[in-house]
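The following report looks at one helix and its surroundings, and then at the chain as a whole.

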Amino acid sequence: MVMIISTMEPQVSNGPTSNTSNGPSSNNRNCPSPMQTGAATDDSKTNLIVNYLPQNMTQEEFRSLFGSIGEIESCKLVRDKITGQSLGYGFVNYIDPKDAEKAINTLNGLRLQTKTIKATVYFCFRLL
């Protein structure tokens with residue numbers, strides 16, 4: 001019997017790549033995430049990433065939608081630095097992990113205009 005063991009080789013990049021998936025699904029470059037503050041840890045269950053938001057959604061609408069679930073420590077709708085247009089994703093950090101879980105259960109899959117939003121826990125992966 002012959003066993004083959006393969007190893008993954010690191011991918012080499014010559015700079016930023018184009019991401020057309022309407023926002024990141026995880027952060028593999030800069031940890032902790034932009035919404036983590038103070039004593040938050042990498043395994044925190046309070047920090048969410050929300051993808052597939054309508055392009056014309058405002059910061060206030062984003063905060064209001066997720067703030068209806070529970071108390072928010074911080075939230076950020078990510079925008080293009082030059083045009084100011086929404087990039088279709090954002091981050092929400094709840095104070096209580098139960099509120100974050102409730103937000104996922106309530107708002108994940110919600111249809112807003114022509115988009116179906118995706119809300120998930122935001123994990124930070126460190127590359128060794």
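In this predicted model, Lys98 and Asn105 are exposed on one side of helix 2, while the other side holds its buried residues, namely Asp99, Ala100, Ala103, Ile104 and Leu107. These buried residues lie on the same side of helix 2 because the arc that they cover around the axis is only 140°. What covers them includes strand 1, helix 1, strand 3 and strand 6, whose residue ranges are listed here together with that of helix 2.

| Element | Residues |
|---|---|
| helix 2 | 97-107 |
| strand 1 | 47-51 |
| helix 1 | 59-67 |
| strand 3 | 86-94 |
| strand 6 | 118-121 |

The surroundings of the two helix ends can also be described. At the N-terminal end, helix 2 is capped by Asp96, which places a side-chain oxygen 2.8 Å from the backbone nitrogen of Lys98. Just after helix 2, Gly109 adopts a positive phi of about 90°.

For the protein chain as a whole, the secondary structure consists of two helices and six strands, and the elements follow one another from the N terminus in the order β-α-β-β-α-β-β-β. The chain has 128 residues, of which 35% count as buried, that is, with under 20% relative accessible area. Among the contacts between residues at least 6 apart in sequence, 66% join residues that are at least 24 apart. The accessible surface of the chain comes to about 9000 Å², and 54% of this surface belongs to carbon and sulfur atoms.

Notes
Residues are numbered from 1 along each chain as its sequence is written. This is a predicted model: local features need pLDDT of at least 70, side-chain atom pairs count only at pLDDT 80 or more; totals for chains, interfaces and linings use all residues. Side-chain values use heavy atoms; hydrogens and water are left out. Buried means under 20% relative accessible area, exposed over 50%, partly exposed in between (1.4 Å probe, protein chains only). Helices (H or I, at least four residues) and strands (E, at least two) are DSSP runs, numbered from the N terminus. The arc is that of the directions from the helix axis to the C-beta atoms. Contact means heavy atoms within 4.5 Å. A polar contact is a pair of N or O atoms within 3.5 Å; within protein, one must be able to donate a hydrogen and the other to accept it, and residues adjacent in sequence count only if both atoms are side-chain atoms. Accessible areas come from the Shrake-Rupley method with a 1.4 Å probe; for residues, only the protein chains shown count as cover.
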